[in-house]
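I opened this entry to look up the nonpolar core, the ligand shell and the backbone angles that stand out. The structure comes first, and my notes follow.

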Amino acid sequence: MVSKMQLRSVGKMCPGYVQAHNISWTLASENIENEVSCESCIHWKNNKCKINLFDDVLSSLDQT
Ligand code: SF4
């Protein structure tokens, strides 16, 4: 299970991150709108990365 913190860390480091501007659920939360995270990325679907960058970026984070 991936934590929210990991989603944010990966989003910040990911070369493929593209923010989705029209996710309606983000509007329900005040602080999330500008937050970089996989959850706000257009490639994030069904709790995984559609373009399979997540594992690569996460493992590069683990090395720090
Ligand atoms: S969903 Fe995929 S492309 Fe988007 S930030 Fe996460 S790992 Fe990167």
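**Core, ligand shell and backbone**

I looked up the largest nonpolar core (buried Ala, Val, Leu, Ile, Met, Phe, Trp, Tyr and Cys residues joined through C-beta atoms within 7 Å, buried meaning 20 or more other C-beta atoms within 10 Å, with C-beta atoms placed from the backbone), and found 9 residues: Leu-7, Val-10, Cys-14, Cys-38, Cys-41, Trp-44, Cys-49, Phe-54 and Val-57. H1 and H3 are the elements that give two or more residues to this core; helices are DSSP runs of H or I with at least four residues, strands are E runs of at least two, and both are numbered from the N terminus.

I kept in mind that this is a predicted model, in which local features need pLDDT of at least 70 and side-chain atom pairs count only at pLDDT 80 or more, while totals for chains, interfaces and linings use all residues. Residues are numbered from 1 along each chain as its sequence is written.

For Val-10 I listed contacts (C-beta atoms, placed from the backbone, within 7 Å) and, leaving aside neighbours within four places in sequence, noted Cys-38, Phe-54, Val-57, Leu-58 and Leu-61.

I then turned to the 14 residues around the ligand (C-beta atom, placed from the backbone, within 6 Å of it), of which Cys-14, Gly-16, Cys-38, Cys-41 and Cys-49 come nearest. Helix H1 (4-13) and helix H3 (54-62) each give two or more residues to this shell.

Last, I noted that Asn-46, in the loop between strand E1 (44-45) and strand E2 (48-49), has a positive phi of about 50° although it is not a glycine.

Terms used: Buried ≥ 20, exposed ≤ 12 C-beta atoms within 10 Å, placed from the backbone. Contact = placed C-beta atoms within 7 Å.
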